Each structure stands twice: as C-alpha cells, then as structure tokens.
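Reader: I would like to learn how to read a structure of this kind, one feature at a time. Could you take me through it, giving the general idea before each case?

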Amino acid sequence: MGVLLASHEEERRIGIRRKGEKVLNTRGRKIVLAASDSESSEYLRSTWRQMLLATLPARYARYLNADWSVKNELAPDGQAKYVPHGLRIVEALLLQRFPAEDIAVCYPDQLELFVGEDTRVVGIHAHNPLGITFATDIYPAFYGRDIEPINAFQFRRLIEHPVLKQHKHHLRVIVGGPGAWQIEKKNLQDAWGVDCIVDGESEEVAVPLFEAALRGEPLPRRVEGRSPHLEHVPPIHHRSTFGTVEITRGCGRGCQFCSVALRGGKSIPLEQILHNVRVQVAEGADTILFVTEDLFLYEQGPKFETNVPALKRLFESVAAVPGVKHIALTHGTIAPVVKDPWVIEELSLAVDKSLDQHRASTHPEKRYQHMFVGLETGSVRLFKQYMKGKAYPYRPEQWPDVVLKGMEILNKHNWFPICTFILGLPGETPEDTRDSLDLLYALKDAKWCVIPTLFVPLEDTRLENRASAKLAELTDLQWEFFFTCWRYNVDFWRGSRVQWKFNVGVPIYYYLLGRKLFGHGIKYPLFRFAHFPERFLKGKLYLNFANGTHPRYRVPEQVPIPAERQRPAAPLASL
Ligand code: B12
Ligand code: SF4
C-alpha cells in the first residue's frame, strides 16, 4: 500500500516536500486534527504487526524497512485517508457544530498545507505518545539504554513540527486520546506547547473546548472526559485506521491495572455500526476491525451473559455489506468461551472472513481468526487480588482450567488468540512466577501468540500509584517466562526449528550486549530461546523441556460453573 502520488507536482500540491524545498503556506483551516504516522498506519494490514513494530527502536527503523511516513495513503486534497478511530470521533463531534470546510484531518507531513494564518486550534491524537506502556517500554531496551520506540519518535515528529511553533501565537494545541496522560506524567506539556490535555472520553467535552479555542480564550490545562450517554457517540464521516468500527465501549470486569475498566459499558446500536462500516468501505477499506474490550460483551445480558444471536447477527450483517471482504477483531475474554463453547462454533463466519492464514489451521483455506486475550497470570493468588472479574462466572481458583479449556475450544475452531501475560504485578513472588510458568508449559502445544509484558501503572487505574516492573530487576524465573513465550512464538509462527542464523545470533547478542544490560539471569532463558539442546540446560531452568515431562496442569474435561452463578433457565432471546 504505497502513497498514491502521481508526480512531483502532485506531491507539492498536497504538501510533501523533497529535501531543501519549501511549500508556500496557504491560510490554512480553522481546525486541524492530526495523528502520527505510526499510529495511523495500517502496517501490512495487520494489527499485531503494527503493534509490534511500533515498539521497536526508532534508531533502527530503517533497517526494518519501517518508514511509516510513506506508507499512509492520502486523499486527493492531501488530507489523511485514515487515522485512529478516536480522532474520527472527534472530527464527527466537531462536524455537528462546524462546517466541513473549516476542518482538516492530516498526517504530520501535510501539516504545512493546513496550518496557516487562519488556524485557531490543532487537535492531536495520542495513542501511546511516549511509549511508556507495556510492550513499548520493554522491547527497545534490548537495543541499549534510553532508546526511543518508533511510536514515541513519530509522535515527537508531529508535536514538534515547526509549523506549529511558527503559528503558536494564534492557535491552541489540544491533545487527547488514550495515551494523552503520558505527556503530563513526563512533564512535557509546556515544552511541547500543549495548551490542554483531554484525558478520557471526549464526547461531552470536545465541542465546548474547541469553541473556546476558536474564540481565542485560554484553555484549562487538563480536562477530564467522562463516559458519555450512548446517543452522544456520533457516527463517523470518514475512514479510520484498520477500518475500525466500535461495537462496544467499556467493560465491567474491573481489573485493577486496566485503564478502560472504568469506562461505562455500552453496545453501539447495529444501525450505527453498519453506517460506520459503509463509511469505511466507501473510502477504500475492505477490512473491518471490530473494536471492543471484549467481543462477548456485545449486547450482553445481565452478569456478562453472552448474547449469541446478537453476535451472530452482527457478523452476518457486517459481512453482508457490499465491499467488506474481511473482519478482524481486537479483544475478547476467555471465560465466555468456556461457558458457552457453541458461541465460537456459531461465529464460524469470523474465521471465513479472516484475512490471516496459517498452515496449522484446519479451515479449507487455512484461515484463522485472532483476538487479543489478556491471560495476565497463572497465579491464582495474583489473579484473585487484581483481576478476579475476568473469570466470572468461574471462581479465581478455576483460572488455569478456564485458560486451558478456553484455548482448546478456540484452537479447535481455528481461533488462534494473541495472549498477554503481565510480569511484575505488585507483590509478585517466585511462587507466583512458577505458577505462571506451569500454566505456560501446559500451553506448549497451543496455536497462539503469547506476549509477555511488564506491569506499568497506567493512569486512571486502581494501581496507578504502584511501581512499574523493570527489565533490569526481573528475576531469573521471570526471564525464563519471558523467553519461553518467545520460544513458543518463534516455533509456531516461523515454523522451523532449523533457523541457524537466529540461533547463532542470540548467543552473540548475549555476550556482546545482553549480559551487560541485564546480567546473567537472561543467559539460559536466552539459550533456550535460541534452541540450545536441552541437555545443556538441564538443571539450569525451572521448566524441563526434556521429552516425557508432564505439565502440572492438563486440559480439564469440563469446567463446572459454581451453583450460585449458574445462568437463568431461559437463554437470552435475540434482541
Ligand atoms: C484498536 C486499538 C489498537 C489498534 C489500532 C490502533 C490505531 N492506530 O487505530 C492496534 C492493535 C494496532 C493498537 C496498537 C497499540 N495499542 Co492500542 N488499542 C486499541 C483499542 C482496543 C481501541 C482504540 C479505539 O479505537 N477506541 C475507540 C475510540 C473511540 O476511543 P479512543 O481512541 O480512546 O478515543 C476517545 C478519547 O480518547 C478521545 N480522543 C481520542 N483522540 C483524541 C484527540 C483529541 C484532540 C481529543 C480532544 C480527544 C481525543 O475521544 C475519543 C472519543 O471519546 C484500545 C482500547 C480501547 N478500547 O480504547 C487500545 C489502547 C488504546 N492501546 C493501547 C496500547 C498500549 C497500544 C500499543 C502501544 C500496544 C503495544 N505495542 O504495546 C500499540 C501502539 C500502536 C502504535 N502504532 O503506536 C492502550 C493504551 C494505554 C495507554 N496509552 O494508556 C489501550 C488503551 C489498550 C489498553 N487497555 O491497554 N491499538
Ligand atoms: S477484562 Fe480486559 S478490558 Fe475488562 S477490565 Fe479486565 S483487562 Fe480491562
């Protein structure tokens, strides 16, 4: 997907400069909305690849062929063809109040085309502007100290754009989005000239704020957005990155480390979803990404009762919109899969419509569907303390069984989930890590991708005041967990154990850099990651990969729902 540029002239018209060239400023639009290249990107049409790439160090981006700026497509007038969905919502809110000619939505390279003498306010989306969340905080550190991840570098390119400084005397800068809090946390609000940070949902606050900016009034340094009424979530006007269409917002399961746990739960009405799908398709999207904290919350009944007929209708109606070729998913929880296994069977369309293929799939076209599933820990103790709502209607003590049974059901129907685990939750003991390793070992033959992350105290969570976990402080057991996950991933996704370049490269990395950065604790876990023969690792690691060793946990025949949490007699009717 390259940029649709015909010629040098065309490039100039829409604001792309070649080295040393100046573009004449127009008077600009009154309101300009912008998002960084890496946050707008539909990299390889894959959400998880985009996520992983955003975490890599910016300094080495060119070796990874990650030149985001030339990968995003432009509309004929130079505006962005797709930007993160949150910014499209802000645009839709503003379009309820201001004419379309006053608003432009663009990438950093086109700011000069739209920011001019007439511009009064620039609204910027921040998904993860400084890269201080989970994975983005971890992976660049493997390349050395103080290495900036790609998404932080790209955000800086946007917020430090010279045209914003040039016109600062007559415009206000407002930053919003799920990662806007990071700017305040790192004391960069003044240095970056940000007048106002919008924290949280913006449906109820965006319009008055932009109106005040247009009148030239001073803005509050920070505005707290609350959960809006459902009818205030507007339908969008233009395409979002990855064809994102929100199907639900919020989640009532209440995990203490999660920043969306406090958002009020709601399902977007099907008509609005279909409208948003049509908008995306009309502007060139052929894939629709259902955004939700949990797929199974869509039109849910009381107490997280999965509404299978409504879900089925959702998939069928979206798939029937002319132009929709694929459907992708963001998040889901695993307990509903165990409780109502037939939901996965009923949603076979999700696999038929998936973009992704893998040799391990039993689908006739080798397709598999994926969604992000937070498993987070194998320790019942930590689970009980921080996230017990995730297992409902099961008890926290049943969590390992729920995970194993859920994975079996998902895999059987060609759903290969992308699962996260959190290392270093506050108070984690070696016993807790061993419990997680035992669960991981029991999942060794699963069809999945497993991403180890480190605990980060996100703002607006109940753990916001606790200390982050740090790579340099990981225990030997935690390193073992970390690299066992990546060993599984390499084996499942690359498909070959004979990868001599990789296998040789890893120990070289250890001796040249790894041990200096992280100490000797990573040595044997890294060697297992590089497929060292197990006989060299015997006794050095907790998990014994040698043939014939049985995992502590096994997939249970069934996972009984505690009597007092059984569902009502009548199944939830179609709505
Ligand atoms: C879809 C999604 C993705 C997709 C697509 C992202 C994209 N570029 O469009 C993928 C899978 C690629 C992705 C990647 C990542 N994501 Co993401 N993602 C989401 C998800 C599930 C939905 C986002 C969404 O569209 N929501 C719906 C819209 C309407 O909500 P919203 O964006 O928050 O917008 C509202 C407000 O924030 C505000 N707003 C938004 N923009 C603006 C702009 C202005 C000017 C104003 C005033 C207001 C405003 O108004 C909107 C309406 O209320 C959220 C979780 C969630 N449910 O929100 C996580 C989430 C945003 N992602 C998160 C993270 C950490 C990441 C990654 C860093 C993961 C990683 N690698 O570690 C990467 C980084 C991506 C990058 N390239 O930089 C975290 C952010 C945590 C934080 N910053 O505190 C979240 C909250 C998930 C979580 N619970 O941890 N993500
Ligand atoms: S289940 Fe997921 S979205 Fe819901 S509160 Fe827990 S971590 Fe957050």
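Reader: Let me begin with a single residue: is Thr-241 buried or exposed?

Author: Burial is judged by relative accessible area, where buried means under 20%, exposed means over 50%, and partly exposed is in between, with a 1.4 Å probe and protein chains only. Thr-241 has a relative accessible area of 5%, and so it is buried. Before we go on, please keep in mind that this is a predicted model, in which local features need pLDDT of at least 70 and side-chain atom pairs count only at pLDDT 80 or more, while totals for chains, interfaces and linings use all residues. Residues are numbered from 1 along each chain as its sequence is written, chains are lettered from A and ligands numbered from 1 in the order in which they are written, and side-chain values use heavy atoms, with hydrogens and water left out.

Reader: Where does Thr-241 lie, and which residues does Thr-241 touch?

Author: To place a residue we use DSSP runs, numbered from the N terminus, with helices (H or I) of at least four residues and strands (E) of at least two. Thr-241 lies in the loop between S6 and S7. A contact means heavy atoms within 4.5 Å, and, not counting residues up to four places away in sequence, Thr-241 touches Glu-39, Ser-40, Ser-41, Glu-42, Tyr-82, Val-83 and Pro-84.

Reader: Which residue in the loop between strand S6 (222-225) and strand S7 (244-246) has a positive phi?

Author: Most residues other than glycine have a negative phi, and most peptide bonds are trans. Phe-242, in that loop, has a phi near 60°, and at 12% relative accessibility Phe-242 counts as buried. Glu-376, which has its place in strand S12 (residues 372-376), also has a positive phi, near 65°, and Glu-376 is buried with a relative accessible area of 7%. As for peptide bonds, the one from Tyr-392 to Pro-393 is cis, with omega near 15°, and Pro-393 is found in the loop between helix H16 (380-386) and helix H17 (399-412).

Reader: How should I read the metal, and which protein atom is the donor to the cobalt atom of ligand 1?

Author: Donors are N, O and S atoms within 2.8 Å of the metal (3.2 Å for Na, K and Ca), and water is not among the atoms, so sites may look incomplete. Here the cobalt atom of ligand 1 has a single donor from the protein, the NE2 atom of His-127, which is 2.3 Å away. His-127 lies in the loop between strand S3 (121-125) and helix H6 (134-138).

Reader: Which residues come nearest to ligand 1?

Author: A residue is near a molecule if one of its heavy atoms lies within 4 Å of it. There are 46 residues around ligand 1, of which Glu-39, His-127, Trp-181, Ser-202 and Glu-203 come nearest. Helix H4 gives the most to this shell, with five residues. For polar contacts we take pairs of N or O atoms within 3.5 Å; within protein, one must be able to donate a hydrogen and the other to accept it, and residues adjacent in sequence count only if both atoms are side-chain atoms. A polar backbone atom of Glu-39 is 2.4 Å from a nitrogen atom of ligand 1, an N or O atom in the side chain of Gln-50 is 2.9 Å from a nitrogen atom of the ligand, and a polar side-chain atom of Asn-151 lies 3.1 Å from an oxygen atom of the ligand.

Reader: How many residues has the largest nonpolar core, and which have the most contacts inside it?

Author: In soluble globular proteins, nonpolar side chains tend to be buried together. A nonpolar core is a set of buried Ala, Val, Leu, Ile, Met, Phe, Trp, Tyr and Cys residues joined through side-chain atoms within 4.5 Å. The largest one has 138 residues, and Val-318, Trp-415 and Trp-448 have the most contacts inside it. Helix H19 (residues 476-494) gives the most to this core, with ten residues. Domain 1 (8-226) and domain 2 (240-463), whose bounds come from an automatic or database domain assignment, both give residues to this core, so it lies between them. Apart from it lies another core, of 29 residues, among them Val-115, Ile-132, Val-163 and Val-456.
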